[in-house]
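This is a walk through one protein chain, starting with a sheet and ending with a single residue in a loop. Keep the structure in view while reading.

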Amino acid sequence: MSRAAIGVDLGGSHVMAALVEDTGEIHAKFERDIEDRTPNAVVGALADVVKSAIGATKHDVVGIGIGSPGNIDPASGTIRYSPNFGWQNVTLGARVRDVFPKYEVFVGNDARCATLGEYVHGVGQGTQDFVLLTLGTGIGGGIVANGVLALGHQMGAGEIGHHTIRPDGGFICGCGKIGCFEAQASGTGLLRHAFRIAPSFPRSGLLDPQPAKGPDDERAWRDRLGSKKIRKAAQAGDGHALAAWNAFCDDLALGLSNVIAFVNPEIIALGGGVSSAGDFLLDRVKPLVEVRTTMVPRGTTRIVRATLGNDAGAVGAATAAMRGGLIAQLPPAVPA
Ligand SMILES: [Zn+2]
């Protein structure tokens, strides 16, 4: 085996650790559900799967890379803020180093890790300017510009899901703002479009069974339904689902055209559950993006499906570990 690192994908309800070779190939994968979101319980579950992954190889592991939701201090691996876990200033990196003192441990934002994975080992290979957008419950993203993953002044670059596209009449985002790209164009956004237009389709059975009244009930109902049902019904030609799908695609295209104006990438890769619609999604969205693209030459950004799927985060976290962390890729600062 070539060089290898442990890549960890830490989510709000699930943790996965994989042994990843420097070719990007996953050699072994271990997963656990997370029910208790306290730091001790999460570190315990994470340590279990990492131990299993380390135990799965006799070869040297060069480090442990962890992709976690939230804004993360790159030097210490401390989670400054993570809405998914309800954490503030949790010393995740230090806690994991205590468990695995033999290994270098790096912690980076999960979406940025996934972007690095997709850039180095997935559909972004060979480009210099690349964007990944994962359309799931929310929208995770990351930007590679001139061959370097953009991190930002305080590790906040790439929060594409929280740029505002519908300040008037948009959905309220989990971050508190109205009309974020994520609120409008994630899988959850697709569901919310279906709910919003439901009064125009009184005979539609798409959203049955009817919920009790109130926003909390609607949220629970949305979670039960899942965006996949809407997507499948749209593909089957259901009128209500198609209207929701078209509103969703308009919002997705609006955000994508903004991304093109910000970054002018060669490729925007779409991952996450909604992207499994494939050409049904891309054929609708691409022309809408074209007409909204003005100052950047039209048709020069390819919008494609991501190729690493749910493994992108772990592959990217391991890639970061093999490179000495996300910040190690950056050129040295120019002295003043
Ligand atoms: Zn937001």
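The model is predicted. A good place to begin is an open sheet of 5 strands, which run in the order β3-β2-β1-β4-β8 with mixed pairing. Its edges are formed by β3, residues 26-33, and β8, residues 105-109, each of which pairs on one side only. From one strand to the next, the twist averages 20°.

Within this sheet, strand β1 covers residues 4-10 and strand β2 covers residues 14-21; the two pair in the antiparallel sense over 7 bridges. To find one of these bridges, start at Ala5, whose bridge partner in β2 is Val20. Helix α1, residues 39-55, packs on the sheet. The helix touches β1, β2, β3 and β4, the last of these being residues 61-68, and its direction makes about 25° with that of β2.

Now step back to the whole chain. It holds 10 helices and 13 strands. Its radius of gyration is 20 Å, close to the 20 Å that the globule rule gives for 336 residues, so the chain is as compact as a globular protein of that length. The C-alpha trace spans about 60 × 50 × 40 Å along its principal axes. Of the 336 residues, 45% are buried. Among contacts between residues at least 6 apart in sequence, 65% join residues at least 24 apart.

Helix α5, residues 187-196, is a place to look at burial in detail. Because 8 of its 10 residues are buried, α5 is largely enclosed by the rest of the structure. The buried residues are Gly187, Thr188, Gly189, Leu190, Leu191, Arg192, His193 and Ala194.

The loop between α5 and α6, the latter being residues 215-225, contains Ser204. Is Ser204 buried, exposed or partly exposed? It has 18 other C-beta atoms within 10 Å. A buried residue needs 20 or more and an exposed one has 12 or fewer, so Ser204 counts as partly exposed. Which residues does Ser204 contact, leaving aside its neighbours within four places in sequence? The contacts of Ser204 are then with Ala198 and His240. Arg97, in contrast, is 107 residues from Ser204 in sequence and 54 Å from Ser204 in space, C-alpha to C-alpha.

Conventions: Residues are numbered from 1 along each chain as its sequence is written. This is a predicted model: local features need pLDDT of at least 70, side-chain atom pairs count only at pLDDT 80 or more; totals for chains, interfaces and linings use all residues. Helices (H or I, at least four residues) and strands (E, at least two) are DSSP runs, numbered from the N terminus. The radius of gyration is taken over C-alpha atoms; the globule rule is 2.2 Å times the number of residues to the power 0.38. Two residues are in contact if their C-beta atoms, placed from the backbone, lie within 7 Å. Two strands pair if DSSP finds at least two bridges between them. Axes are lines fitted to C-alpha atoms, for helices over the stretch in contact, and angles run from 0 to 180 degrees between N-to-C directions.
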